[in-house]
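Please look through the structure shown below before reading on. The paragraphs after it go through one strand and its surroundings, then one residue in a helix.

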Amino acid sequence: MKFAIDNTPADKIDTACLVIGIHSDAALQGSAELVDKASNGALQKLIASGDIDSNWKSATLLHGLDGVVSQRILVMGCGEAGKLDGVRYDAVCKSAGKFLRNHTVTSAHVCLNDLGADGQSAHWLLRQAATTIAWSNYRYTATKAPKDDDSKPLESVSFHAGADMQASLDEASGMAKGFHRSRDLGDLPPNICTPAYLAEQAREIAGSYENVSVEILGKDEMAELKMFALLAVGQGSVNGPRLIVLKYEGKDDSSQPVVLVGKGITFDTGGISLKPGPNMEQMKFDMGGAASVIGAFEACADMQLPINVVCVVAAAENMPDGNAYRPGDVLTSMSGKTIEVLNTDAEGRLVLCDALTYSQRFNPLALIDVATLTGACVIALGHHASAIMSKHDDLAEELLAAGQTAVDRGWRLPLWDDYQPQLKSNFADMKNVGGMPAGSITAGCFLSRFTEGQRWAHIDCAGSTWKWGGDEGSSGRPVGMLTQFLIDQA
Ligand code: BES
Ligand code: MN
Ligand code: ZN
């Protein structure tokens, strides 16, 4: 989808669809006011007669108004003016994007950013409008060909802004690209999106940018590094594990990188501790953490941010098999610490612990892992927030703030040492499960044992990275939070 800037007044712009916003309790402003004036009050009349819905997120399509050049006008309801904060504004833009995606038009001119939302800058308003409209424009097509009568995606969108705002659209392009990559990877079926496929995608990204390089480690290399926790998880599958390392150099190599680590379980059956049958297909999203760190990495490369970033993906498939690891096994991780496996379904922390140990060689400025780690996280926060855990208040605050800015929000959970005893084992340095209470936190506590001395944060995106029900599919999250975090670092 192509973005452009166009400063032509709303009533004069020649576009397939003009998108404007109105409040339910305030006078028309900006582009809506212009359209109303040019049409001799026609807009106001339609609002008064109830033909245009001004409630939050509603969409009404008008077919031409006398005095207005555009053939169509999409009027977005923004609800009460005083309530329109960043989050509600973002939802209006998303709703507009969804309407346009489901409509036959392939281009539009969007003026929603001239509405203003409480406390938001012109840069943010434009970037967020462009990012969310591109997000809404996504559709999965890899294994389902579009039909002739399907609505067409948007090909190009212009925004009402001055030429000095190009940087906002460049940011939006980067973010949109990252989200798109993450959603595509998440949506792909597990027979296509294997560890080797993720590695191929990383190679493809590396091939597209001069300052990106990639290294792929297979079984043998991992064995040499003594990554026996990661290897154990992968050993029941014919789709062998990979450790994928992408490096982006946006700054001289003496500058410490942000290291993003992703859980890339391309399918999680639970292994010998087999999951129940119903809904098991959802476990193709168990590489959502990997997809989001790859997406954020690509966004960063696309924007050519002046920072260094390393992306490490621990990719494996968790299968039951004659060669699979078992409950009772004691694994020696790369760190040398031993782990008693009580449940082979707590596999994410096992692949991550070795990836986190490995990542310390990069001397990270910040070490952030992202994972669909626990079902408990979905119970605690649902699909709206990613869980953030860190002993570093400043890092947690930076991630929370980035999530707020990108409207890809997180919520913090404690990582107090009080929870650590739940991981005590009689046969190893720790167990891989901490029992019923605080399942997301004890998973975080497990990882904390492999990040000592690091400025580290853990993000559990089990609920946020995908949605189920009618609109099932990958959300791409937390690409927004991570990309904003990288922008804030730069
Ligand atoms: N991938 C799952 C977590 C998950 C479950 C994500 C549901 C999204 C939706 C993870 O590998 C897992 O199975 N975790 C177990 C941990 C338990 C065995 C301690 C869980 O949450 O049940
Ligand atoms: Mn599992
Ligand atoms: Zn899992």
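A crossover is right-handed if, with the strands pointing away from the viewer, the path from the first strand over the helix to the second runs clockwise. Helices (H or I, at least four residues) and strands (E, at least two) are DSSP runs, numbered from the N terminus. The model is predicted, and local features need pLDDT of at least 70, side-chain atom pairs pLDDT 80 or more, while totals for chains, interfaces and linings use all residues. Residues are numbered from 1 along each chain as its sequence is written, and side-chain values use heavy atoms, with hydrogens and water left out.

Strand S9 (residues 258-268), helix H9 (residues 288-303) and strand S10 form a right-handed β-α-β unit. S9 and S10 pair in the parallel sense over 10 bridges; two strands pair if DSSP finds at least two bridges between them. In this pairing, Val 258 stands opposite Val 309 of S10. Strand S8 (residues 242-249) runs antiparallel to S10, and eight bridges join them. Lys 247 has Val 310 in S10 as its bridge partner.

Why is S10 (residues 308-318) largely enclosed by the rest of the structure? Because 11 of its 11 residues are buried, that is, under 20% relative accessible area (exposed is over 50%, partly exposed in between; 1.4 Å probe, protein chains only). In a regular strand, side chains alternate between the two faces of the sheet. Both faces of S10 are covered, with residues including Val 310 and Val 312 buried on one side and residues including Val 309 and Cys 311 buried on the other.

Leu 169 lies in helix H5 (residues 166-187). Leu 169 is buried, with a relative accessible area of 0%. Not counting residues up to four places away in sequence, Leu 169 touches residues including Phe 3, Leu 126 and Phe 159, where contact means heavy atoms within 4.5 Å.

Key:
Chains are lettered from A and ligands numbered from 1 in the order in which they are written.
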